[in-house]
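I opened this notebook to keep track of what I looked up in the structure, entry by entry. The entries go from the whole chain to the sheet, and then to the helices packed around it.

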Amino acid sequence: MSGPESFFEDKLAELDGFLVDPDRSVMRLIIDPEMKRMPLRYLECRDADDSFAHLLFNHTATFDSHLHWNQALLALLDGEIRDNAEDLEEVGADTAYRKEDADLKDKPWRLFLYRAERLAISLRDVIDSLVFVLDPEEVIEPENWPFNIRYFADRVSTPAVKFIVFEDRVEPLLEDIEEHPKVYNQLFWLSPEQIEKRAESQLETPVSVGAAGTPADPVERRRALSTVGIMANARKDHARA
């Protein structure tokens, strides 16, 4: 069994896999609040890499109403288009407002998706997808939040538009879409017992397993020892710590 670090590395690799999955449009990332920084930081680093073939949009506005939140999401998209107008025009991106856009002004969730898909499809020679990271600071209307995410899962018609939605592990709001065929559910969490078990398994590997094997990484062993000590101390097992 690999250590705790490799578990989270595998989860981040799953995230990369979702971005190129042609059949899934929404990732439901189930996580504790204190762990959010890990995938967010990973995405930030990937976004800074010129080889990263996706364009990220972070939407953290409070979900105070279905209407207002989607208006803010549309404003985020339009703001990025406006700020990068010259570059987008140079690559032939579809950014213009059309008559049918005006017809949807009272339904910003539909207008947002319509414009996002047009833009993403027009950029397929440049990037693989637009990725909207949805992490509301607060959800004031929990009864409408699943409807909003289900709408995206139901209506996205191209793999060039993706949504990563942060879901509280302890107080989930999106369980109703767990079985949706276009939703990928990822549990980004290990229990303390699982963390300790993985660390202990690393310590069971000899420092050197002989000429036929690969020597254990001393840095990983030190991390494992530290993890086991921390976990033992937390349950007041001072002899083991």
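Before counting anything I fixed the term: I take a contact to mean heavy atoms within 4.5 Å. The model I am reading is predicted, and I keep that in mind throughout.

**Entry: the whole chain.** With that meaning of contact, I looked up how far apart in sequence the partners lie, and found that residues 24 or more positions apart account for 75% of the contacts in the protein chain with a separation of 6 or more. I then listed the secondary structure, which comes to nine helices and five strands, and wrote down their succession along the sequence as α-β-α-β-α-α-α-α-β-α-β-β-α-α. For burial, I noted that 43% of the 241 residues in the protein chain are buried.

**Entry: the sheet.** In what order do the five strands lie in the sheet? I read the order as β2-β3-β4-β1-β5, in an open sheet with parallel pairing. The edges are β2 and β5 (183-187), each of which pairs on one side only. Direction ignored, I find neighbouring strands of this sheet turned by 20° against each other on average.

**Entry: strand β3.** I next followed β3 (residues 129-134) to its two neighbours. On one side, β2 (residues 54-59) pairs with β3 in the parallel sense over six bridges; here I located H54 opposite S129, and L56 with V131 as its bridge partner. On the other pairing, β3 and β4 (residues 161-168) are likewise parallel, over five bridges, and L134 has V165 of β4 as its bridge partner.

Is β3 buried or exposed? Six of its six residues are buried, so I record the strand as largely enclosed by the rest of the structure. I recalled that in a regular strand the side chains alternate between the two faces of the sheet, and therefore checked the faces separately. S129, V131 and V133 are buried on one side, and L130, F132 and L134 are buried on the other, which leaves both faces of β3 covered.

**Entry: helix α6.** Looking for what lies over these strands, I found that α6 (residues 108-122) lies across β3 and β4 and runs at about 130° to β4. I then turned to its meeting with α7 (residues 145-155), where the axes of α6 and α7 come within 11 Å and cross at roughly 40°. The two helices are therefore oblique to each other, and α6 passes α7 in a right-handed crossing. On the α6 side I listed W109, R110, F112, L113 and E117, and on the α7 side Y151, F152 and R155. By class, this contact of α6 with α7 has five nonpolar, no polar and three charged residues.

**Entry: helix α3.** Which residues of α3 meet α7? I found H66, W69, N70 and L73 of α3 against W145, F147, N148 and F152 of α7. These divide into five nonpolar, three polar and no charged residues. The axes of α3 (residues 66-83) and α7 come within 10 Å and cross at roughly 45°, so I class this pair, too, as oblique. The crossing of α3 past α7 is right-handed.

**Entry: cross-check.** Going back over both lists, I noted that F152 of α7 is named in the contact with α6 and is named again in the contact with α3.

Key:
Residues are numbered from 1 along each chain as its sequence is written. This is a predicted model: local features need pLDDT of at least 70, side-chain atom pairs count only at pLDDT 80 or more; totals for chains, interfaces and linings use all residues. Side-chain values use heavy atoms; hydrogens and water are left out. Axes are lines fitted to C-alpha atoms, for helices over the stretch in contact, and angles run from 0 to 180 degrees between N-to-C directions. Helices (H or I, at least four residues) and strands (E, at least two) are DSSP runs, numbered from the N terminus. Angles under 35 degrees count as roughly parallel, over 145 as roughly antiparallel, 65 to 115 as roughly perpendicular and the rest as oblique. A crossing is left-handed if the near helix is turned anticlockwise from the far one by less than a right angle, and right-handed if clockwise. Ala, Val, Leu, Ile, Met, Phe, Trp, Tyr, Cys and Pro count as nonpolar, Asp, Glu, Lys and Arg as charged, and the others, Gly among them, as polar. Buried means under 20% relative accessible area, exposed over 50%, partly exposed in between (1.4 Å probe, protein chains only). Two strands pair if DSSP finds at least two bridges between them.
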